[in-house]
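Me: I am new to this structure and would like a close look at a single part of it, beginning with one side chain and its partner. Please then go on from there to the features that set the scene around it, and explain each term as it comes up.

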Amino acid sequence: IELNYGAQNWGDVDAARLRLVLPLCVSLRTLRLCGVGLTTRGLRAILEPTVDDNPLSKLEHLNLSNNDKLGDEGARALGAALKKQGALESLRKLDVKSCNLTATGLRAILEAIVDDNALSRLEDLDISYNQELGDEGARALRAALKQQGANLQQLRVSNCNLTATGL
């Protein structure tokens, strides 16, 4: 099952309502929340698993692209969710394109992925159009990809202000 809520003008209340519906989506594999105006508070509401179940544990593709209000705080919330036992344990593709991330936010996501050994499962990462990543973000990415078991097959980094020094 795929849920696609692209280009909706959401608020945190809408994100919390989505969280109420997610337990009914036991076969959910793809969740696209592209350009919905998601904030960190809304992202936390969606990713916060309940005590008894985690409807996102089978999620293979999470697309949060074009939510520029997320920024580094949203990246830290995503990182915290990734670190929770069983949360997003099937994630293969992560899209955080144009989410206003800096190297700090990217590092929070990458640390969670490395800590959870999820780097062996993650095949596709899109961090494009996060123009504040720069060379520091490239160095954080390079350090993560050096980890044993990295299985990344597709990496998109266009328009991130990377230079040859960072790569």
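Reply: Trp10 is a suitable place to begin, and with a relative accessibility of 14% it counts as buried, a word that here means under 20% relative accessible area, while exposed means over 50% and partly exposed covers what lies in between, with a 1.4 Å probe and protein chains only. The model is a predicted one, in which local features need pLDDT of at least 70 and side-chain atom pairs count only at pLDDT 80 or more, whereas totals for chains, interfaces and linings use all residues. Residues are numbered from 1 along each chain as its sequence is written, and side-chain values rest on heavy atoms, with hydrogens and water left out.

The partner of Trp10 is found through its ring. Rings of Phe, Tyr and Trp (for Trp, the six-membered ring) pair if their centres lie within 6.5 Å, and the pair is stacked with planes under 30 degrees apart, edge-to-face over 60 and tilted for the rest. By this rule there is one aromatic pair. Tyr5 and Trp10 make up that pair, which is tilted, with 5.1 Å from centre to centre and 50° between the planes. Tyr5, at a relative accessible area of 25%, is partly exposed, whereas Trp10 is buried.

From the rings we can turn to charged side chains. A salt bridge is taken as a side-chain nitrogen of Lys or Arg within 4 Å of a carboxyl oxygen of Asp or Glu, and the whole structure holds seven of them. In one of these, Arg32 pairs with Glu2, and their closest N and O atoms are 2.7 Å apart. Because Arg32 belongs to strand β2 (residues 30-32) and Glu2 to strand β1 (residues 2-4), this pair ties together parts that are 30 residues apart in sequence; strands (E, at least two residues) and helices (H or I, at least four) are DSSP runs numbered from the N terminus. Arg32 is partly exposed at 23% relative accessibility, and Glu2 is partly exposed at 42%.

A salt bridge also joins the side chains of Arg156 and Asp126, at 3.1 Å from N to O. Here Arg156 lies in strand β6 and Asp126 in strand β5 (residues 124-126), so the pair links parts that are 30 residues apart in sequence. Through salt bridges with shared partners, Asp124, Asp126 and Arg156 are joined into one network. Within it, Asp126 is buried at a relative accessible area of 4%, while Arg156 is partly exposed at 23%.

The side chains of Glu73 and Arg44 meet in a further salt bridge, at 3.8 Å from N to O. Since Glu73 sits in helix α3 and Arg44 in helix α2 (residues 40-47), the pair ties together parts that are 29 residues apart in sequence.

Helix α3 (residues 71-83) also leads us to an enclosed space, as it gives the most to the lining of the largest cavity, with four residues. On a 1 Å grid over the protein atoms alone, a cavity is a set of points where a 1.4 Å probe fits but cannot get out, and its lining residues have an atom within 4 Å of a point. Points are joined across faces, edges and corners, and the volume is the space filled by probe spheres set on them. The largest cavity has a volume of about 50 Å³, and among the residues that line it are Gly71, Ala75, Leu78 and Cys99. Its lining has nine nonpolar, two polar and no charged residues, where Ala, Val, Leu, Ile, Met, Phe, Trp, Tyr, Cys and Pro count as nonpolar, Asp, Glu, Lys and Arg as charged, and the others, Gly among them, as polar.

Cys99 appears once more among the cysteines. The structure holds zero disulfides, a disulfide being a pair of cysteine sulfur atoms within 2.5 Å. The sulfur of Cys160 has that of Cys99 as its closest cysteine sulfur, but the 11 Å between them is too far for a bond. Cys160 itself is buried, at 1% relative accessibility.

Definitions and conventions
1 Å grid on protein atoms, 1.4 Å probe; cavity = no way out; pocket = protein on both sides within 12 Å on 5 of 7 lines; lining within 4 Å.
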